[in-house]
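Hi everyone, thanks for making time this morning. I'd like to walk you through a model I've been looking at, so please pull it up and follow along.

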Amino acid sequence: MSLLDLSPEQRTELAAQVRGKYQELQAKGLRLDLTRGKPSAEQLNLSQDLLGLPGDAYRDATGADVRNYGNLKGIVNIRRIWGELLGVDPELIIAGDSSSLNIMFDLISFAYTWGTVDSERPWSQEEKVKWICPVPGYDRHFTITERFGFEMIPVPMLEHGPDVEAIREIVKDPQVKGMWSVPIFGNPTGVTYSEEVTRALAGMETAAPDFRIVWDNAYAVHTLTEDFPTVHNVLDLAREAGHPHRFWWMSSTSKITHAGAGVSFFASSADNLAWYSSLAGVRGIGPNKVNQLAHALFFRDAEGVRALMRKHAASLAPKFERVLGILQERLGTYDVARWTSPEGGYFISLDVLDGTAARVVELAREAGIALTAAGSSFPLHEDPNDRNIRLAPSLPPVEEVAEAMDGVATCVLLAAVEKLGA
């Protein structure tokens with residue numbers, strides 16, 4: 001029965017029960033954390049053999065000594081593996097250092113300072129720069145455009161990707177220069193863009209000739225099942241549609257091997273890569289090629305990556321199952337929350353009763369459960385409905401995940417009965 005359908009007497013009785021359960025929760029003195037999507041120690045241990053590589057094998061496939069300076073593009077060994085995983089020509093991929101977020105920041109910085117290959121002027125000289133932000137979305141994306149002072153335009157995330165029709169209208173404005181996206185197992189919704197949505201984004205006409213989509217494919221192989229999602233080659237789709245420079249495509253090994261010592265990847269048109277390299281080559285002489293070779297030797301090939309990701313799925317899937325089971329068991333009856341059921345990625349998006357997300361996070365904190373701040377999945381941390389909470393169950397052991405989620409469910413119910421005046 002929906003909480004909204006209960007009689008005043010039934011609500012009062014339920015409120016008393018929930019408050020009692022919350023007092024019991026506080027008495028436990030918990031210290032649990034569901035804030036960020038970090039790999040667990042169990043997952044990190046899957047790649048422990050990396051620490052012994054590359055050993056004496058310090059030459060890449062071209063015979064170059066990876067211990068020395070140079071090769072801004074990254075070694076071909078690892079670019080070939082990632083090219084096969086993404087379905088992209090390795091020559092259109094740059095392999096960089098640990099975080100693809102660093103490359104994204106560089107791309108925005110370079111465009112802001114000098115303009116892109118098809119900009120009329122540097123973005124800093126525009127009257128205003130506007131940026132499309134599908135919501136709920138990735139908070140660190142929004143932090144970058146916030147730091148540059150861009151006007152961020154929220155667009156709803158739907159079942160198969162962002163609202164394309166809304167985007168078509170927005171990009172008629174020449175000041176709209178770009179869009180964030182996590183197209184596979186999105187952060188935090190777990191939504192994967194359909195082929196129809198992907199083709200629409202690749203082909204749509206925009207008023208700005210230098211409109212860019214940051215295609216952050218961070219979770220392209222992060223399945224929670226035995227099946228891997230289809231990766232659409234947006235570089236080909238955009239080129240065929242007459243927009244060859246549209247996509248800045250990101251990927252990385254950060255949550256595949258060791259999150260603090262991975263390899264990042266930037267795929268784009270040849271002209272975009274040349275533009276980026278001409279500026280990145282001033283910033284630095286080259287990436288950590290020793291680490292790149294270690295990864296290439298560790299993976300061996302694309303199937304080696306997939307085999308490793310199946311091991312990750314075996315670690316992660318039980319945690320996601322427990323979260324979804326507890327949400328259904330504790331909240332499904334009362335119709336005060338909705339949540340996603342992702343088949344991959346690192347997050348579950350929880351929508352609670354409008355106007356209660358911040359209160360849920362506050363109640364959880366006071367009970368010793370750390371959650372990502374309400375509104376974090378929106379530009380400027382401003383969720384207009386105060387309803388969305390991002391759940392990250394990857395780091396704690398499954399027993400702690402279950403205990404934390406049972407507590408979160410209690411907080412959701414308590415915030416709901418408070419909101420309804422019970």
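**A walk through the sheet**

Let's start with a pairing: strand β7, residues 212-216, runs parallel to strand β8, residues 247-252, and 4 bridges link β7 with β8. If you want a spot to click on, I213 is the residue that faces F247 of β8. To get from β7 to β8 the chain passes through helix α8, residues 234-240, and this β-α-β crossover is right-handed. Please keep in mind that this is a predicted model.

While we're there, have a look at the loop that follows the helix. A241 sits in that loop, between α8 and β8. Is A241 buried or partly exposed? Its relative accessibility is 32%, so A241 falls in the partly exposed class. Apart from neighbours within four places in sequence, A241 touches A202 and G203. You can also find E205 there: its C-alpha atom is 9.4 Å from that of A241, although 36 residues separate A241 and E205 along the chain.

Back to β7. How many of the residues of β7 are buried? The count is 5 of 5, so to speak a mostly covered strand. That holds on both faces: R212, V214 and D216 are buried on one side, and I213 and W215 are buried on the other.

On to the next neighbour. β6 and β7 are parallel too, with 4 bridges between β6 and β7. Here W180 is opposite V214 of β7. The connection from β6 to β7 goes through helix α7, residues 195-203, and this β-α-β crossover is again right-handed.

Just ahead of β6 there is a loop worth a stop. Q175 lies in the loop that joins α6, residues 164-170, to β6. Why does Q175 count as buried? The cut-off is under 20% relative accessible area, and Q175 is buried because its value is 18%. Beyond its neighbours within four places in sequence, Q175 has contacts with E127, K128, V129 and K130.

**Strand β3 and its partners**

K130 takes us to strand β3, which spans residues 130-135. Why do I call β3 largely enclosed by the rest of the structure? Because 6 of its 6 residues are buried. As for the two faces, K130, I132 and P134 are buried on one side, with W131, C133 and V135 buried on the other.

β3 has partners on either hand in the sheet order, and I'll get to that order in a moment. With β4, residues 151-158, β3 forms 6 bridges in the parallel sense. With β6, residues 176-181, β3 shares 3 bridges, also parallel. W131 is a handy landmark for both pairings: it is opposite M152 in β4, and its bridge partner in β6 is G178.

Now for the overall layout. Which strands make up the open sheet, and in what order? There are 8 strands, and reading across we have β2-β9-β8-β7-β6-β3-β4-β5, with mixed pairing. At the edges are β2 (93-96) and β5 (161-162), each of which pairs on one side only. One antiparallel pairing is that of β4 with β5, over 2 bridges. There, M157 stands across from P162 in β5.

**The pockets**

Last topic: the open spaces. What is the volume of the largest pocket? It comes to about 530 Å³. The largest pocket is lined by 23 residues, and those closest to its centre are G37, Y138, Y219, S254 and K255. Helix α4, residues 100-114, gives the largest share of this lining, with 3 residues. By class, the lining of the largest pocket has 9 nonpolar, 8 polar and 6 charged residues.

The second largest pocket holds about 300 Å³ of space. It has 17 lining residues, and F185, G190, V191, T192 and E343 are nearest its centre. The lining of this second pocket splits into 5 nonpolar, 9 polar and 3 charged residues.

If you take one picture away, let it be the buried strands of the sheet: β3, with 6 of 6 residues buried, and β7, with 5 of 5. Thanks for listening, and I'm happy to go back to any part on screen.

Conventions
Residues numbered from 1 in each chain as written. Predicted model: local features only at pLDDT ≥ 70, side-chain atom pairs only at ≥ 80, totals over all residues. Heavy atoms only, no water. Buried < 20%, exposed > 50% of the residue type's maximum accessible area, 1.4 Å probe, protein only. Pairing = 2+ DSSP bridges. 1 Å grid on protein atoms, 1.4 Å probe; cavity = no way out; pocket = protein on both sides within 12 Å on 5 of 7 lines; lining within 4 Å. Points joined across faces, edges and corners; volume = space filled by probe spheres on them. Nonpolar A, V, L, I, M, F, W, Y, C, P; charged D, E, K, R; others polar. Contact = heavy atoms within 4.5 Å. Right-handed = clockwise from strand over helix to strand, strands pointing away.
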